[in-house]
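Colleague: I am new to this model and would be grateful for a close look at one part of it. Please choose a single residue as the starting point and work outward from there.

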Amino acid sequence: MAKMLSNPPKETVSCMAFNTEWEWLLLVASWDKTVSAYMVDSTMRIGQTIGHKGAVLACCWGKSLNAFSAGVDGTIWKRNYALNWGVDSNPSELFGTHDDAIISLAYSKTHDFVVSGSSDRTVRVWDAGSDKRNPSKPLFTIKSQCGVDSLDVLGDRLVVAGEKEINVYDLRMLVTPYYFLKNEITLQKRPRVTKMMTQGEGCALASVEGRVEIRYFNDKSKNYSFKATRREAASGDSPPEISPVNAIAFNPKHGTLVTGSSNGSIMSWNQSAKVRLATLVSPATSQNNVAPVSALAFNHTGTHLAIATGDTFDNAAPPFALSPPASLPKTQIIIRPVLLAESSRQS
């Protein structure tokens, strides 16, 4: 049975990450400038960090109970929950900085690195165990020509997506990317989120145009894109019905993909067979008023899916509007069991 977490953030959830050692420990970053940790089996918040001066856009777990977060203020903060379990205060430390907003953050368990991507057109690699400097200095800085929209890490591989390019780096040798695509991404809009497949053979990219692109690093013939929440109009003169895909996640056990969109729909896909497995949540209708999905995360066993819903800024009021919209979707975090038929390639 699905559970709803107590004391969710006051504003939209931008990112969520389950701890890879503590199965029920969930880290949540929000636009309300906070980072919260929850024990989802009890639905209770066990700690909240208030250190950022702006919206927190990314978060990840490092080794054990070290948590990292980053956002529009260009700072990365580190907190050790082993030392501050259950404390709602600001015991975190400034870990690193960029010259502009930090869009994405990922942790390499293989190398004990934290990798950050920023609007300053750089990707920076940090020693996650460093406590000698405050803030730390990056081990390596990668300059991007096209900007950084999203990144992800798995094993030795780092994938960086921006505009019409994908670059894949070997974390053991960061001087040049060993896989490079320019002007080959079929998405018409910049990717909103990028995630590596569970075996590292490729990645998925999602966009505001309602499409998802699947990319394999060693076999371009298998690359394709599909309409996750995009339906073409019956008449050629009418615009298509589009809902942005805001979140994607790969099931760590089965390797299948889940997408979450602004129309509230959540769907699972077997990306290898190019088929939809199931609709976990149906799109919003006049009878089914579900909230937009802003973030998704699987626990490390792939048995439960964390779903964050709330305002995804698709229908924002004009900049000089006299009053805000009458009502905005309420921020909620739901923990949902994953059925075998919704996630297994053999189902």
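Modeller: A polar contact is a pair of N or O atoms within 3.5 Å; within protein, one must be able to donate a hydrogen and the other to accept it, and residues adjacent in sequence count only if both atoms are side-chain atoms. The model is predicted, so local features need pLDDT of at least 70 and side-chain atom pairs pLDDT 80 or more, while totals for chains, interfaces and linings use all residues. Residues are numbered from 1 along each chain as its sequence is written, and side-chain values use heavy atoms, without hydrogens or water.

The starting point is Ser36, which belongs to strand S4 (residues 35-39); strands are DSSP runs of E, at least two residues, numbered from the N terminus. Ser36 is buried, with a relative accessible area of 0%, where buried means under 20% (1.4 Å probe, protein chains only). The side chain of Ser36 makes a polar contact of 3.0 Å with that of Gln48. Leaving aside residues up to four places away in sequence, Ser36 touches Leu26, Leu27, Val28, Arg45, Gly47, Gln48 and Tyr81, contact being heavy atoms within 4.5 Å.

Leu27 and Tyr81 also appear in the lining of the largest cavity, as do Val35, Thr49, Ala67, Phe68, Ser69, Trp77, Lys78, Arg79 and Ser92. A cavity is a set of points on a 1 Å grid where a 1.4 Å probe fits but cannot get out, and lining residues have an atom within 4 Å of a point. The volume of the largest cavity is about 60 Å³, and the model has two cavities of 30 Å³ or more; a volume is the space filled by probe spheres set on the points. Strands S7 (66-71) and S8 (75-80) each contribute at least two residues to the lining of the largest cavity.

Further along the chain, four strands form an open sheet in the order S11-S12-S13-S14, with antiparallel pairing; two strands pair if DSSP finds at least two bridges between them. S11 (102-108) and S14 (140-143) are the edge strands, each with a single partner, so one side of each has no neighbour in the sheet. Within it, S12 (residues 113-118) and S13 (residues 122-127) are joined by five bridges, and Gly117 has Val123 of S13 as its bridge partner.

Another antiparallel pair is S21 (residues 211-216) with S22, over four bridges; here Glu213 stands opposite Ser225. Along S22 (residues 224-227), Tyr224 and Phe226 point to one face and are buried, whereas Ser225 and Lys227 point to the other and are not.

Methods
Buried means under 20% relative accessible area, exposed over 50%, partly exposed in between (1.4 Å probe, protein chains only). On a 1 Å grid over the protein atoms alone, a cavity is a set of points where a 1.4 Å probe fits but cannot get out, and a pocket is an open set with protein on both sides within 12 Å along at least five of seven lines; lining residues have an atom within 4 Å of a point.
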